[in-house]
Amino acid sequence: MTTQRDTQAFLSTLDVASDQLIGPWLDEAGAKDAAARRSMEIEAKEIAGALRSALDGGADPASFQGPAWASFRQVLEALSRSRAARGQTAGDTSLFILALKKPVFDSLQNELASDTPALMGAIWAATTLIDRIAQHTVSTFQQAREDIIRRQQEELLELSTPVIKLWDGVLAVPMIGVLDSNRTQIVMETLLQQIADSESELAIIDITGVPTVDTLVAQHLLKTVSAIRLMGADCIISGIRPQIAQTIVHLGIDLQGITTKATLADALSLALQKTGWRVQRAE
Amino acid sequence: MDAETSGALPLGSEQNIVASRQLVRTLCQQLKFSLVDQTKMVTAASELSRNTLVHGGGGQMRWEFLERAGKRGLQLHFEDEGPGIPDMKLALTDGWTSGGGMGLGLPGSKRLVNDFDVQSEPGKGTRVSITRWK
Amino acid sequence: MERIPILRMGSVLLVTIQVDMQDQTAMALQEDLAEKIAKTGADGVLIDISALEIVDSFVGRMLASISGIARILSATTVVVGMQPAVAITLVELGLSLEGVRTALNVERGVRLLERSRRELDFGR
């Protein structure tokens, strides 16, 4: 049960010469070297400052998810994100926060030495709040790491499935590797945007590098083709190996009149024809 | 100065349907959804707002920001006290292509969002809830 | 209630939809177009939706209706400039817009209309 008085006591330890708090905090957290200590110092000061503002503004330590703590939570989230980006673990970050307890307890002890019940109350308030802060950094840390991984995956996907301009008005996308729903989604969005930007009438989707096509993959491809047609362009699927052709027939997949070609070369030839080009050998 | 995390919008007229699209667009932008995800969510909202007005006799759209396991999302509830959906199974059948279904566009809207829930009983009104996560 | 203006370019009627339309506005557009096709004897209708960020089932059905009505009145309709996000959403919704021709932009749309005029295409 946190009382106003307990919170006030906690607050005053943060007020009282914050330098006196930061130093012991960093010692407790155990920085590896001078550079690490310096960057920790910056983080510590930011957190102490934001914590103080929140408590000053009347935030109730018992309701940490409330709106009064919003800007403090954002500071914590930034901390988690930057540590996640530096490749540190959730454990490291949590330990860093928890290291604040000792200096706070020491400071409270100095202030309230003569008043044991007040000291107990204040220590309880401080420890529960610091625990919640540590918990919050851990959960946002997970999310931050997942976000980073996902962003890296997306960038990798974009690199591995480039949209290439083969000719005026003809784009090609060589799909390589296993196609999952996420990947096909990204390819679809990129391809459609490129079609719009370059005003290309024909897109060739080459699946030479795709090992298998199942119903799900076919569905995604068909959706992509539908969207391309809705926009006013058309599509040729090339690189259909005999095994894939068999699978398509076996699974009863209806290609809905999409033109298919065995090779990218054939597809390009057809695309040029359709867009009004004729290729002649120069003598 | 805390930002709002929930609210409601009446759905009693055609202008309200336009307003609901604009509001949902703004909310999606606040959560920084991708353009495609924004478009899907706003379109779903348009469909369901219209259902509430046209089939439900008018009602409201409630919205709220959600946070679960560090992920943020937008949840919309389309509520009316109209006649309710008599045949839920039929309503959830894809009708546009087959000519069946009930023309409420529920299966289509369902595909545009991550979570979809319908509560309805004849005579007790309808509530459709949809959620999109970042 | 605002009505979407319909411009005339020779035998083609051009409509540019730039606002988030109320349902009434879409219905009014349908009526106005039908009337104008009949009155002017236009053989082509170009609907530019490049500014539309949302096309829901109501607007989709309106476009399909206009296309059908125009065909009966011996005119071809081409919808141009659909945004990628809109196309993706329509596919997910399951709206095929059967019978509606589309083109990437106004220029291509006009070319498509000229081609169909040459082929004396009275609908597929």
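Here's a quick tour of a predicted model with chains A, B and C. The predictor gives the complex an ipTM of 0.92 and a pTM of 0.74. We'll start with chain A and its sheet, move on to chain B, and finish with chain C and the place where chain C touches chain B.

**Chain A: the overall build**

- Chain A contains eleven helices and five strands.
- Its radius of gyration is 30 Å, whereas a compact globule of 283 residues would come in near 19 Å.
- Measure out a box along the principal axes, and the C-alpha atoms of chain A fill roughly 100 × 45 × 30 Å.
- Of the 283 residues in chain A, 33% are buried.
- Take the contacts in chain A between residues at least 6 apart in sequence: 74% of them link residues at least 24 apart.

**Chain A: the sheet**

- Five strands of chain A make an open sheet with mixed pairing, in the order 1-2-3-4-5.
- The edges belong to strand 1 (164-167) and strand 5 (259-261) of chain A; each has a single partner strand, so one side of each has no neighbour in the sheet.
- Going from one strand to the next, the twist averages 30°.
- Strand 2 (residues 170-176) and strand 3 (residues 202-209) of chain A run parallel as a pair, joined over six bridges.
- Looking for a landmark in that pair? V173(A) sits opposite I205(A), which is in strand 3 of chain A.
- Helix 9 (residues 215-231) of chain A packs on the sheet and touches strand 3 and strand 4 (234-238) of chain A. The direction of helix 9 makes about 150° with that of strand 4 of chain A.
- Helix 11 (residues 264-274) of chain A packs on the sheet too, touching strand 1, strand 2, strand 3, strand 4 and strand 5 of chain A. Set against strand 3 of chain A, the direction of helix 11 makes an angle of about 175°.

**Chain B**

- Chain B has four helices and five strands, and from the N terminus on they follow the pattern β-α-α-β-β-α-α-β-β.
- With a radius of gyration of 15 Å, close to the 14 Å that the globule rule gives for 134 residues, chain B is as compact as a globular protein of that length.
- The C-alpha trace of chain B spans about 45 × 30 × 25 Å along its principal axes.
- Buried residues account for 35% of the 134 residues in chain B.
- For contacts in chain B between residues at least 6 apart in sequence, 59% join residues at least 24 apart.

**Where chain C meets chain B**

- Here, 17 residues of chain C are in contact with 22 residues of chain B.
- On the chain C side, helix 1 (23-40), helix 2 (57-72) and helix 3 (84-93) each bring at least two residues.
- Helix 3 of chain C gives the most to that side, with six residues.
- Sorted by class, the side of chain C that touches chain B has seven nonpolar, five polar and five charged residues.

**Chain C: confidence and one residue to find**

- Chain C has a mean pLDDT of 92, and 96% of its residues reach 70 or more.
- R118(C) is part of helix 4 (residues 106-118) of chain C.
- R118(C) counts as exposed because it has 8 C-beta neighbours inside 10 Å, and the cut-off for exposed is 12 or fewer.
- Between the C-alpha atoms of R118(C) and I4(C) there are 29 Å, with the two residues 114 apart along the chain.

Key. Residues numbered from 1 in each chain as written. Chains lettered and ligands numbered in written order. Predicted model: local features only at pLDDT ≥ 70, side-chain atom pairs only at ≥ 80, totals over all residues. Buried ≥ 20, exposed ≤ 12 C-beta atoms within 10 Å, placed from the backbone. Rg over C-alpha atoms; globule rule 2.2 N^0.38 Å. Contact = placed C-beta atoms within 7 Å. Nonpolar A, V, L, I, M, F, W, Y, C, P; charged D, E, K, R; others polar. pLDDT = per-residue confidence, 0-100. Pairing = 2+ DSSP bridges. Axes fitted to C-alpha atoms, helices over the stretch in contact; angles between N-to-C directions.
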